[in-house]
Amino acid sequence: MSADKRIEAITARIVERSKPHRQPYLDRVRAAASKGVHRGVLSCGNLAHGFAVCSPAEKDALAGDRVPNLGIITSYNDMLSAHQPFETYPALIREAAREAGGVAQVAGGVPAMCDGVTQGQPGMELSLFSRDLIAMAAGVGLSHNMFDSVVYLGVCDKIVPGLTIAALTFGHLPAVFIPAGPMTSGLPNDEKARVRQLYAEGKAGRAELLEAESKSYHGPGTCTFYGTANSNQMLMEIMGFHMPGASFINPGTPLRDALTKEAAKRALAITAQGNEFTPAGEMIDERSIVNGVVGLHATGGSTNHTLHLLAMARAAGIVLTWKDISDLSDVVPLLARVYPNGLADVNHFHAAGGMGFLIQELLKGGMLHDDVRTVYGQGLQAYTIDPRLGENGAVHREPAPKVSHDPKVLANIETPFQPTGGLKMLTGNIGSAVIKISAVKPERHVIEAPAKVFHDQQELNVAFKNGELTGDFIAVVRFQGPKSNGMPELHKLTTVLGILQDRGQKVALLTDGRMSGASGKVPAAIHVTPEAVDNGPIGRIRNGDTIRLDATHGTIEVLVDAAEFSARPQAAADLSGNEFGMGRELFAPFRAIAGPADHGASVLFA
Ligand SMILES: O=C(O)[C@H](O)[C@@H](O)[C@H](O)[C@H](O)COP(=O)(O)O
Ligand code: SF4
């Protein structure tokens, strides 16, 4: 079934806009792919170094040009519960490669930050920049040029976007992403948020809070809310970088290991030495990117992907804009209710039918391009499956259920939770911004209230403790953009603003910073561009100005006489405290050259 004509039209305009970048990119990818087995250009010395630790049989194999060599890029560390399982993956992948008659080597590791550990801490100011650093680090590993295909081990927020930028930069090589899967369900996310609000109001102690947090985040695997990490898994599956059904199988299970081994074998099967050569740069095209945006809307995915997807697409010469994302939101229905857009977690989502049911319903509704290339072959129809462990210990794929196993979590295309998707673009005399409305009650989609201006999220928390946040207001938290302090997530504001909202105050947030994918119920106009430090109008807002945030009509306005507003001096902030400490001094070059949020806030692409 072809895609809805509105989706076809948006795709066509992306193709047209991308031509100046996409064709030169494809020329580079095809030129690199045409050089045959890449290690063939290495000298004997290069090659000897490259396979010095391999077994004699592997050396023999790699000395020739027939046996494929699989590069592993790993983001293992013990800080991210979602990445800790990767510790054992290289051994499993090497075993699978041997079984498939190939070789596998760890090409390199990349850094990975847990945004949960750094949330509200100075380290969060490195978080966004770590995405591009991860792409660079993966490039260092792959620059050994020993490989015919690559598996990327990554799950969380900036890691999958960074690895995708690398995979597309090395687009002449096939790329298969291998996830680790979600943590098993612990304390429900809404209960965790409730205890946090009690703690913030002084009605619960630190011991009770730590107990609740530890019951929520309790073991290996991805945190179970639908934030950026799980949005990443959805994207990798719907864009065809995952094997069908790989996204939401818990770590440490036989099916998880079977999926990992299968992915390694598939990566070796789609090299140029085989008959199904699938270089990443040709596999991913404008239709794959649009499918990713559709999946984001249909599931209420993370606002961070209004930054990351732009940078990921740009790595393949594809120019995606906020207007594309916003216009697709008007077409794509919301089919999933997963925290913060509901009470369920990703394990419930998977049990209700998961990615296979979601893709099936979106295809049925003409919301996806089916005729796309994937690591599994041709077409997304192959992803409308339910993964099981077969008798022989291999992956067995049943058809996806025809009806949702839990209509409160996963809706069919005929009866969506909302007729439109979750991410809207806002424009007006403050600039451009994005807002996630899938987690905000409809009666809060329009707010007109006086501004309360802050230059730091801690200032707002102090104002809360001092009882100064009374009445309806829009909190303007500025100088939080990429050039200011690295564009940290201001997720800690969710608790305080949530308390005030629950008390009946009409509140909203306006910031040139970011929020967590796990931030939800408070309306937040984020990623404001141009940012305050770049002379953005957000820097001319004053306490008491009336601001109107209208997610229904897509506008964000300060209701001040235009001449008076533009004549105001730009506010200044003391950012000296953000230049040193916790490694921030190492990222001064990134702050100096970071591009704007509506281009992905990247140091790699203008
Ligand atoms: O974009 C995201 O999804 C967030 O960065 C997420 O990865 C982060 O870990 C949250 O901060 C966790 O939520 P809490 O901080 O509420 O535990
Ligand atoms: S989802 Fe967030 S908190 Fe959980 S492991 Fe990943 S980065 Fe850390």
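Cys223 sits in the loop that runs between helix H9 (206-216) and H10. This is a good place to enter the structure, which is a predicted model. The loop position does not leave Cys223 open: because 25 other C-beta atoms lie within 10 Å, and 20 or more are enough for the label, Cys223 counts as buried. Beyond its neighbours within four places in sequence, Cys223 is in contact with Ser81, Gly116, Met183, Tyr217 and Ala229.

A second cysteine belongs with this one. The UniProt annotation "binding site", from an unreviewed entry, covers Cys156 and Cys223. The two are spread over 68 residues of sequence, yet they cluster in space, with a largest C-alpha distance of 9.5 Å. Cys156 is found in the loop between strand E3 (149-153) and helix H7 (159-169). Cys156 is likewise classed as buried, because it has 27 C-beta neighbours inside 10 Å. Setting aside neighbours within four places in sequence, the contacts of Cys156 are Leu80, Ala82, His83, Ala112, Cys114 and Ala229. Ala229 thus appears among the contacts of Cys156 and among those of Cys223.

Both cysteines also turn up around a ligand. Ligand 2 is surrounded by Leu80, Ser81, Ala82, Cys114, Asp115, Gly116, Cys156, Asp157, Thr222, Cys223, Gly227 and Ala229. Sorted by class, this shell holds six nonpolar, four polar and two charged residues.

Attention can now pass to the other ligand. Ligand 1 has 14 residues around it, and the closest are Asp115, Gly116, Gly227, Thr228 and Gly517. Helix H5 (115-118) and helix H10 (228-238) are the elements that give two or more residues to this shell. Its make-up is two nonpolar, nine polar and three charged residues. Asp115, Gly116 and Gly227, listed among the closest residues to ligand 1, are also part of the surroundings of ligand 2. The shell around ligand 1 draws on two domains, taking at least three residues from each of domain 1 (7-36 + 67-184 + 219-399) and domain 3 (423-599).

These two domains form part of a wider layout. The domain assignment of the chain gives domain 1 (7-36 + 67-184 + 219-399), domain 2 (191-215) and domain 3 (423-599). Taken over C-alpha atoms, the centres of domain 1 and domain 3 are 30 Å apart. Their contact involves 32 residues from domain 1 and 37 residues from domain 3. On the domain 1 side, the elements that give two or more residues are helix H6 (124-142), H10, helix H13 (286-299), helix H14 (305-314) and helix H15 (322-329). H6 gives the most, with six residues. That side of domain 1 is made up of 13 nonpolar, 16 polar and three charged residues. H10 therefore has two roles here, since it gives two or more residues to the shell around ligand 1 and to the side of domain 1 that touches domain 3.H15 offers a closer look at this region. The helix is mostly covered, with six of its eight residues buried. The buried residues are Trp322, Asp324, Ile325, Ser326, Leu328 and Ser329. Their cover includes helix H1 (5-33), H13, H14, strand E9 (423-428) and strand E10 (431-436).

As for confidence, the chain has a mean pLDDT of 96, and 100% of its residues reach 70 or more. The model scores ipTM 0.97 and pTM 0.98.

How values were computed:
Residues numbered from 1 in each chain as written. Chains lettered and ligands numbered in written order. Predicted model: local features only at pLDDT ≥ 70, side-chain atom pairs only at ≥ 80, totals over all residues. Near = placed C-beta within 6 Å. Helix = DSSP H or I, 4+ residues; strand = E, 2+ residues; numbered from the N terminus. Nonpolar A, V, L, I, M, F, W, Y, C, P; charged D, E, K, R; others polar. Domains from an automatic or database assignment. UniProt positions renumbered as here; feature names shortened; annotations may be inferred. Buried ≥ 20, exposed ≤ 12 C-beta atoms within 10 Å, placed from the backbone. Contact = placed C-beta atoms within 7 Å. pLDDT = per-residue confidence, 0-100.
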